[in-house]
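Have your viewer ready and your selection tool at hand. We will go from stop to stop, choosing what to highlight next and saying what is found there.

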Amino acid sequence: MALAVVAVGLPAWGAYVVRQHVMITRLLRTDADQVPGNEALSRFAQAEGRPLYDKYCSSCHGANLAGDSARGIPNLTDDDWLYGSGQVSEIERVILYGIRAGNGNGWNLASMPAYASAVPYGRLAVDPLSPGDIRDTVEYLRTLEHKPADAVAARRGEEIFSGRGACYDCHAADGHGDTAIGAPNLTDDIWLYGDGSRQSVFESIARGHEGSCPAWTHRLSAWQARSVAVYVRGAVRWARNTP
Amino acid sequence: MNDAFRGLEGRTAPKYSTWLMTFGAVIGIATAGYGLFTANGTASHEVPPEDAALVNGRPILMTDFVAQAESTYAAPLAQITTAQRKTILDAMIHEELYVQRGLELDFPGTDPDTRNALVAAVEQQAVADATTDSPSSQVLKNYYDAHTTGYATEGTMTVRDLLLAAAPARPQADAAASAAAAVGALRSGMKPEEAMRRFAFKELRPNQGEEFYFAAKIHMGERLFETAKALADGAVSDAISLPDGIHVLCMIKNVSPVLRPFEQAREQVLADYKREAAARLRAADEKYLYGKAEIQIAPALK
C-alpha cells in the first residue's frame with residue numbers, strides 16, 4: 001500500500017514541482033505588463049498571488065481590496081491609481097519597494113503639507129495658511145468637481161491654489177494631479193482620505209497626509225511580488241465586470 | 001605477462017602518464033589563471049529569470065531594469081525599443097561595474113559620500129521592521145490613549161490687539177490710567193474703533209482675521225498669546241504692559257483645541273507609533289553594534 005502511494009505520489013509531486021518551476025520561470029521571463037494578456041500565466045499568478053495578498057496586504061487594503069478612505073488606504077479595484085497607471089510592473093514596484101517606506105527604490109518624492117502648522121512641509125519652504133485661506137481653497141476645489149460652491153471664496157481659493165499655497169506644484173494647475181509623484185486627481189470625486197465633504201477636505205489641507213506602503217522586497221521573492229501584482233491588477237478587471 | 005612486452009614495461013607507460021599529468025596541470029593552471037585574472041571563472045551560464053543581467057555574478061534585477069526603462073522613456077516596457085532597452089541595460093551594467101570597482105578600491109573605507117550613503121542605508125535597514133509593521137487597531141488605540149495631547153485639533157482665534165504705544169514724553173502712570181479706562185470702556189460695550197480714537201490706541205495687525213493658534217502665537221508672542229488663549233468670545237483682557245507699550249486684547253472668537261476621535265487621528269497615530277518604534281529599533285541596533293565592537297580610543301581622547 002505504502003509502495004503504491006509512493007509510486008503514484010512521487011511522480012505527481014515531481015510533476016507539480018516541475019510545473020511550478022516552469023510557470024515561475026515563464027512568469028518572470030515574460031514582460032510583467034503582458035502577463036494579464038496571457039491566460040495561463042495570469043491564472044497561475046492570480047492563484048499564487050491571492051494567498052500572498054491575503055497574508056501581506058489585506059490587513060490594510062481589505063480582503064476585498066476596497067481600501068478604507070477613513071484611513072487613507074486606497075481602493076485597489078477602482079482603476080484610479082495614485083502612482084502610475086495600474087500596469088503590473090508599476091504595482092509590482094510598489095509591492096517590492098513601497099511608498100515612503102525608507103527604500104531608495106520606492107516612491108518617496110512628495111507628501112501633502114500640513115498647512116495648519118508653523119512649518120507645513122519639511123522638504124520645501126511652503127507658507128502656512130489661515131483657516132479662511134483653507135476654506136477658500138476648499139471652495140475652489142469644489143468648483144473643480146462641479147459641486148456647488150461660494151464663487152467669491154472660490155476665486156480667492158484659486159489664487160491660493162495657484163500661488164502661495166503652491167498646490168499646483170503637485171496637483172497640477174488644472175488639479176488633475178500627477179501620478180509620477182502620487183498627487184491625487186482633485187477633479188474626479190474619488191477621495192483617498194475622507195468623503196470629499198468640506199470638513200474632510202479642510203482636514204486634509206490643514207493636517208496634511210503622508211501615507212505609506214511597506215516595502216516587501218525582503219519578504220517576497222520576485223515571482224511572488226509579480227503574482228500579487230497580477231492578482232491586484234486582475235481585481236480591477238473583476239470589479240469592472242461585476243455589477 | 002606476454003613475452004612480446006617483456007622488457008618494454010617500465011619505459012612506455014610512465015612516459016605517457018607524465019605527458020597526461022603535465023597536460024592536465026597546464027589546463028588546470030590556465031583555467032584558474034583565467035578565472036583569477038578576468039573575474040569570469042565562476043560566471044553562471046544562465047541569467048536567472050528574475051534578473052536582467054549578471055555582472056560578475058551580481059544580479060541586476062529585472063524589476064529595477066523595467067522601472068528604470070519606464071521612468072526614463074515615460075512609456076510601458078512594451079513600447080520601449082530594443083535599442084532603448086540596450087541603452088538602459090548598458091547604463092545599469094556600467095553602474096554595477098563601477099560599484100564593484102568602488103568596493104575593490106575601498107571607497108566605503110575612504111570616501112565620505114559613500115560612507116554617508118552606507119550609514120543612511122544601514123539605518124534604514126535597521127528600522128525596516130518598523131516601517132513594514134502593520135499594528136492592530138487595538139495597539140494603535142492604546143498608543144492614542146497614552147498620548148492624547150498630540151491628537152487635538154489646532155485651535156483658532158480671531159482677536160484684535162490694541163496697543164497704546166510707549167512714548168518717552170508720556171508718564172507711565174498716565175499711560176496705565178488711559179489703558180485701564182480703555183479696558184473699562186471696551187468691557188462696557190464700546191466698539192474697538194471708538195476706543196482706539198478716544199484713548200489713542202492703534203491696532204497692531206488690522207484685519208488679521210481668524211488664525212490658527214500656532215500663527216497667533218508667532219504673531220503676538222508668548223505672553224499675549226497665553227492671555228488671549230484664555231479669553232472667551234467677546235471678552236476683553238486686562239491691560240498688558242510690554243516693552244512696546246500697553247496692549248489690550250479684544251477676543252472676537254476663540255475656538256479651543258479639542259481632542260480628535262481615534263478614527264480621525266488614526267493616520268497620525270500610526271505615523272507617530274512607527275516613528276517611535278523606529279527610534280527604538282535604531283537605539284537597539286546601535287547598542288548591539290557597540291556591544292560587539294572592539295573600540296580602542298587614543299589616550300589623549302579618553
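How many residues of domain 1 of chain A are in contact with domain 2 of chain A, and how many residues of domain 2 take part? To find out, keep in mind that this is a predicted model, and begin with the two domains.

**Stop 1: the domains of chain A**

Select residues 2-108 together with 213-240 of chain A for domain 1, then 131-207 for domain 2. Give each its own colour. The C-alpha centres of these two domains of chain A are 34 Å apart. Now for the count: 12 residues of domain 1 of chain A are in contact with 10 residues of domain 2 of chain A. Colour the domain 1 side of this contact by class, and you should find six nonpolar, four polar and two charged residues.

**Stop 2: where chain A meets chain B**

Next, show both chains and select the residues at their contact. Chain A contributes 35 residues and chain B contributes 31 residues. On the chain A side, the elements giving two or more residues are α1 (2-29), α3 (58-61), α4 (88-97), α5 (131-144) and α9 (222-240). Of these, α4(A) gives the most, with four residues. Sorted by class, the side of chain A that touches chain B holds 15 nonpolar, 13 polar and seven charged residues.

**Stop 3: a closer look at α4(A)**

Keep α4(A) selected and hide what you do not need. Are its residues buried or exposed? The buried residues of α4(A) run from A:V88, A:S89, A:E90, A:I91 and A:E92 through A:R93, A:V94, A:I95, A:L96 and A:Y97. That is 10 of the 10 residues of α4(A), so this helix is largely enclosed by the rest of the structure. Then step just past the end of α4(A) to A:G98, where the backbone takes a positive phi of about 75°.

**Stop 4: chain B as a whole**

Finally, select chain B and zoom out. Its secondary structure amounts to 12 helices and seven strands. With a radius of gyration of 40 Å, well over the 19 Å that the globule rule gives for 302 residues, chain B is more spread out than a compact globule. Turn chain B along its principal axes and its C-alpha atoms fill a box of roughly 145 × 65 × 45 Å. Colour by burial next: buried residues make up 19% of the 302 residues in chain B. If you draw a contact map of chain B, look at pairs at least 6 apart in sequence; 62% of those contacts join residues at least 24 apart.

Notes. Residues numbered from 1 in each chain as written. Chains lettered and ligands numbered in written order. Predicted model: local features only at pLDDT ≥ 70, side-chain atom pairs only at ≥ 80, totals over all residues. Contact = placed C-beta atoms within 7 Å. Nonpolar A, V, L, I, M, F, W, Y, C, P; charged D, E, K, R; others polar. Domains from an automatic or database assignment. Rg over C-alpha atoms; globule rule 2.2 N^0.38 Å. Buried ≥ 20, exposed ≤ 12 C-beta atoms within 10 Å, placed from the backbone.
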